[in-house]
Amino acid sequence: MIAEGLREAGLNDVHILVERTGLAAIAPDVVLINLENPRRDVLEESFALSRALSRPIAMFVDQTDDRTISEAVDAGISAYVVDGMRKERIKPILELAIRRFHAFAKLQDELADAKSALAERKTIDKAKMLLMKRRKIDEATAYALLRKQAMDSGRRIIDVADAFISVEALLGDQT
């Protein structure tokens, strides 16, 4: 029924696999899974599949419970449809799965960027503190020194700060 619904929606490059092996070789744009009752091992396998392929996954099930729904979401399932297998619903569900997948991926990218920026900020702050202690200067002057060194050497300020921290660790309190 999934394949028929996809073809009626104008999507013709459809591969049907009875076993979930070999999916990576096909490199699908979207994965649709039809299950009667999802077991934990299938959800864990779907999670691994979602991570490996980095593709949206829509799962159609006949029955479920709150725990299984939660596990499906944790497994990276983009659309989890209970007792809703009708061919005219396939395309809208597919589109929803794709949009949710991209929205989630965007949030993950933003989170990774924020974590990276925070880590860089901490490194720069540590370098400033070390400079302030070593040279007996204020924070603005320490930052200006890091920035000037970065500009003069054509490097990013985080790279200069990281290098300074490394050198400072090697030298210790020998001054």
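The following exercises, each with a worked solution, concern a predicted model.

**Exercise 1. The sheet**

Determine the order of the strands in the sheet and state which strands stand at its edges.

*Solution.*
Step 1. The sheet is open, has three strands and follows the order S1-S2-S3, with parallel pairing.
Step 2. S1 and S3 each have a single partner strand, so they stand at the edges, and one side of each is left without a neighbour in the sheet.
Step 3. From one strand to the next, the twist averages 15 degrees.

**Exercise 2. The pairing of S2 with S1 and S3**

Count the bridges that join S1 to S2 and those that join S2 to S3, and name residues that stand opposite one another.

*Solution.*
Step 1. S1 and S2 (residues 57–61) run parallel and are joined by five bridges.
Step 2. Within this pair of strands, Ile33 stands opposite Met59 of S2, and Leu35 stands opposite Val61 of S2.
Step 3. S2 and S3 also run parallel, and four bridges join them.
Step 4. For Ala58, the bridge partner in S3 is Ala79.
Step 5. The connection between these two strands can now be added: S2, H4 and S3 make a right-handed β-α-β unit.

**Exercise 3. The surroundings of S2**

Establish how many residues of S2 are buried and which residues lie on each of its faces.

*Solution.*
Step 1. Five of the five residues of S2 are buried, and the strand is therefore mostly covered, since a residue counts as buried when its relative accessible area is under 20%.
Step 2. On one side of S2 are Ile57, Met59 and Val61, and on the other are Ala58 and Phe60.
Step 3. These residues are all buried, and both faces of S2 are covered.
Step 4. A helix also belongs to this picture: H5 (residues 87–135) lies across S1, S2 and S3 and runs at about 145 degrees to S3.

**Exercise 4. Two loop residues**

Decide for Ser78 and for Asp29 whether the residue is buried or exposed, and list the contacts of each.

*Solution.*
Step 1. Ser78 has its place in the loop between helix H4 (66–74) and strand S3 (79–82).
Step 2. The relative accessibility of Ser78 is 5%, so this residue counts as buried.
Step 3. Leaving aside residues up to four places away in sequence, Ser78 touches Pro56, Ile57, Ala97, Arg100 and Phe101.
Step 4. Asp29 is found in the loop between helix H2 (23–26) and strand S1 (31–35).
Step 5. The relative accessibility of Asp29 is 63%, so this residue counts as exposed.
Step 6. With residues up to four places away in sequence again set aside, Asp29 touches Arg55 and Pro56.
Step 7. Asp29 and Ile98 are 69 residues apart along the chain, and their C-alpha atoms are separated by 9.0 Å.

**Exercise 5. A salt bridge in helix H5**

Explain how far apart Glu95 and Lys91 are in helix H5, and give the accessibility of both residues.

*Solution.*
Step 1. Glu95 forms a salt bridge with Lys91, and the closest N and O atoms are 3.9 Å apart.
Step 2. The two residues are four residues apart in helix H5, so about one helical turn separates Glu95 from Lys91.
Step 3. Glu95 is partly exposed, with a relative accessible area of 34%, and Lys91 is partly exposed, with a relative accessible area of 34%.

**Exercise 6. Salt bridges between parts of the chain**

Find the parts that are tied together by Glu120 and Arg156 and by Glu168 and Arg134.

*Solution.*
Step 1. In the salt bridge of Glu120 with Arg156, the closest N and O atoms are 3.4 Å apart.
Step 2. Glu120 lies in helix H5, whereas Arg156 lies in the loop between helix H6 (139–153) and helix H7 (157–171), so the pair ties together parts that are 36 residues apart in sequence.
Step 3. Glu120 is partly exposed at 25% relative accessible area, and Arg156 is partly exposed at 47%.
Step 4. In the salt bridge of Glu168 with Arg134, the closest N and O atoms are 3.0 Å apart.
Step 5. Glu168 lies in helix H7 and Arg134 in helix H5, so this pair ties together parts that are 34 residues apart in sequence.
Step 6. Glu168 is buried, with a relative accessible area of 13%, whereas Arg134 counts as partly exposed at 30% relative accessibility.
Step 7. Salt bridges also link Arg121, Asp125, Lys128 and Glu139 in a network, and the count of salt bridges comes to eight.

Technical notes:
Residues numbered from 1 in each chain as written. Predicted model: local features only at pLDDT ≥ 70, side-chain atom pairs only at ≥ 80, totals over all residues. Heavy atoms only, no water. Buried < 20%, exposed > 50% of the residue type's maximum accessible area, 1.4 Å probe, protein only. Contact = heavy atoms within 4.5 Å. Pairing = 2+ DSSP bridges. Axes fitted to C-alpha atoms, helices over the stretch in contact; angles between N-to-C directions. Right-handed = clockwise from strand over helix to strand, strands pointing away. Salt bridge = Lys/Arg side-chain N within 4 Å of Asp/Glu carboxyl O.
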